[in-house]
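Colleague: Please take me through one part of this model in detail, and then place that part in the rest of the structure. I would like one connected account.

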Amino acid sequence: MKCIVVDDESASRAIISHLCSQIDYLELIAEFPNAMEAFKYLNKNKVDLIFLDIHMPDFTGFDFIDTLKSPPKIILTTSDRDLAIEAFEYDCIVDYLVKPLELPRFERAIQRAVKTESVPKVNTPDTKEKKDEKKELYVNIDRRLIKIDFEKIFLIEAKGDYILIKTSEKNYTVHSTLKKIEEKLPDHLFLKIHRSYIINFTRIIDIEDNSVLIEKDVVPISRSNRPELMRRLNLL
Amino acid sequence: MEKPNFLYIDNLCSGDKAFKARLLQIVKEELPDEIQKYRESVLSNNLPNIAACVHKLKHKISILGMEENYHMAERFEENLKSGSYKGRGEFEAILQVMTDFVEEL
């Protein structure tokens, strides 16, 4: 089984390499300190399994998976216990290992990878329909799943590894990306108008040139997103 | 305060002295950089960045066998994500004992 490791920490890569050497049928063929180098490698090479860290600068493990056209089996390796729920949304993720890694648990993960048939996830019309039927979203904050009604959200802003969800009652900072939350939001309410902003376009107060006033926030509209916003509005 | 130890590393290495030496060398090289990034994030008062640095340092804490300190760091990380510095003093004391330990390796 050919595998690679993607982790920005040298110590993690060394530990995974050492653990791989304990298992006869595992062949660690490359190590990468960031997702971009791994991505380039995977464009030219086929692997069976990736050990993937979630928290990396610039590009999270989940972002990395989203960029892969046909992801191989993936074992997440992280110090974060709170992202297991998100991990279950990916069919390619066969296990979730919390650091520090130890051999017995590592072996179980490998056995699971051997047994699991990875099925590429396809965003079918059915899943899209289900997304539009839902009225709320659950977010993981401080190990609690907090319910937020879609209708109360007026703005979502990207903040590095986090997103800021603004509602009429309060704001929530959540460890996620705009791309991930965009997949969960109903199209009849939300639209991405800039690479850092998604708005609930039913809550717009006014639009002026290249910005939108929504509640008390002035949000820029990127040139490429403006036509879609205008198409969605009920213009006189 | 809990002291760094070789419990995790010895268990992981199971007698492989060359790997133990290599891993300790990596920790010795990587830890000061991670602490430096943490301090820079604190100076810029950027809580999500500080939380990310603490997150990364948690792994070093666990490699150096300090379970109680790991949980303390975990709570500090959660506090930072909620906008609070609560636990900073304890966390920085952990950084100091780790620094002292790796300097003597």
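Modeller: The account below starts with the parallel sheet of chain A and then moves outward to the rest of that chain and to chain B. The model is predicted, and the mean pLDDT of chain A is 86, with 93% of its residues at 70 or more.

The sheet is open and has five strands in the order E2-E1-E3-E4-E5 of chain A, paired in parallel. Its edge strands are E2 and E5 (93-98) of chain A, each of which pairs on one side only. From one strand to the next, the twist averages 20 degrees. Strands of a sheet are held in register through backbone hydrogen bonds, in a parallel or an antiparallel sense.

Strand E1 of chain A, residues 2-6, pairs with strand E2 of chain A, residues 27-32, over five parallel bridges. Within that pairing, A:Val5 has A:Glu31 of E2(A) as its bridge partner. E1(A) also pairs with strand E3 of chain A, residues 49-53, in the parallel sense, here over four bridges. In this case A:Cys3 is bridged to A:Leu49 of E3(A).

Two helices of chain A pack on this sheet. Helix H2 (residues 35-44) of chain A touches E1 and E2 of chain A, and its direction makes about 130 degrees with that of E2(A). Helix H5 (residues 103-115) of chain A touches E3, E4 (73-78) and E5 of chain A, and its direction makes about 175 degrees with that of E5(A). The loop between E5 and H5 of chain A holds A:Pro100. The peptide bond that leads from A:Lys99 into A:Pro100 is cis, with omega near 5 degrees. Most peptide bonds are trans.

A further helix connects two of the strands: E1(A), H1(A) and E2(A) form a right-handed β-α-β unit. The helix of this unit also leads to the other chain. The contact between the chains takes 19 residues from chain A and 20 residues from chain B. Helix H1 (residues 10-21) of chain A gives six residues, the largest share of the side of chain A that touches chain B. By class, that side of chain A has five nonpolar, seven polar and seven charged residues.

One residue on the chain B side can be followed in detail. B:Pro48 is placed in helix H3 (residues 47-63) of chain B. Apart from neighbours within four places in sequence, B:Pro48 is in contact with A:Lys159, A:Gly160, A:Asp161 and A:Tyr162. B:Pro48 counts as partly exposed because it has 16 C-beta neighbours inside 10 Å. Within chain B, B:Pro48 and B:Gly83 are 35 residues apart in sequence, while their C-alpha atoms are 8.7 Å apart.

Two of those contact residues of B:Pro48, A:Lys159 and A:Tyr162, lead to another sheet of chain A. Strand E8 (residues 153-159) and strand E9 (residues 162-167) of chain A pair in the antiparallel sense over six bridges, and A:Ile156 stands opposite A:Ile165 of E9(A). They belong to an open, antiparallel sheet of five strands, in the order E10-E9-E8-E12-E11 of chain A. E10 (171-174) and E11 (190-194) of chain A are at the edges with a single partner strand each, so one side of each has no neighbour in the sheet. Neighbouring strands in this sheet are turned by 20 degrees against each other on average, direction ignored.

As a whole, chain A has eight helices and 15 strands, whereas chain B has five helices and zero strands. Of the 236 residues of chain A, 32% count as buried; of the 105 residues of chain B, the share is 33%.

Two loops carry backbone angles to check. A:Glu215, between E14 (211-214) and E15 (217-220) of chain A, has a positive phi of about 55 degrees although it is not a glycine. B:Asn45, between H2 (17-43) and H3 of chain B, likewise has a positive phi of about 55 degrees without being a glycine. B:Asn45 is exposed, with 9 other C-beta atoms within 10 Å.

One stretch calls for caution. Over residues 118-129 of chain A, pLDDT stays under 50, and the model has 10 contacts there beyond four places in sequence. Where pLDDT is low, the predicted coordinates should not be read in detail.

Conventions:
Residues are numbered from 1 along each chain as its sequence is written. Chains are lettered from A and ligands numbered from 1 in the order in which they are written. This is a predicted model: local features need pLDDT of at least 70, side-chain atom pairs count only at pLDDT 80 or more; totals for chains, interfaces and linings use all residues. Two residues are in contact if their C-beta atoms, placed from the backbone, lie within 7 Å. Ala, Val, Leu, Ile, Met, Phe, Trp, Tyr, Cys and Pro count as nonpolar, Asp, Glu, Lys and Arg as charged, and the others, Gly among them, as polar. Two strands pair if DSSP finds at least two bridges between them. A crossover is right-handed if, with the strands pointing away from the viewer, the path from the first strand over the helix to the second runs clockwise. Axes are lines fitted to C-alpha atoms, for helices over the stretch in contact, and angles run from 0 to 180 degrees between N-to-C directions. A residue is buried if 20 or more other C-beta atoms lie within 10 Å of its own, exposed if 12 or fewer, and partly exposed in between; C-beta atoms are placed from the backbone. pLDDT is the predictor's confidence in each residue, from 0 to 100.
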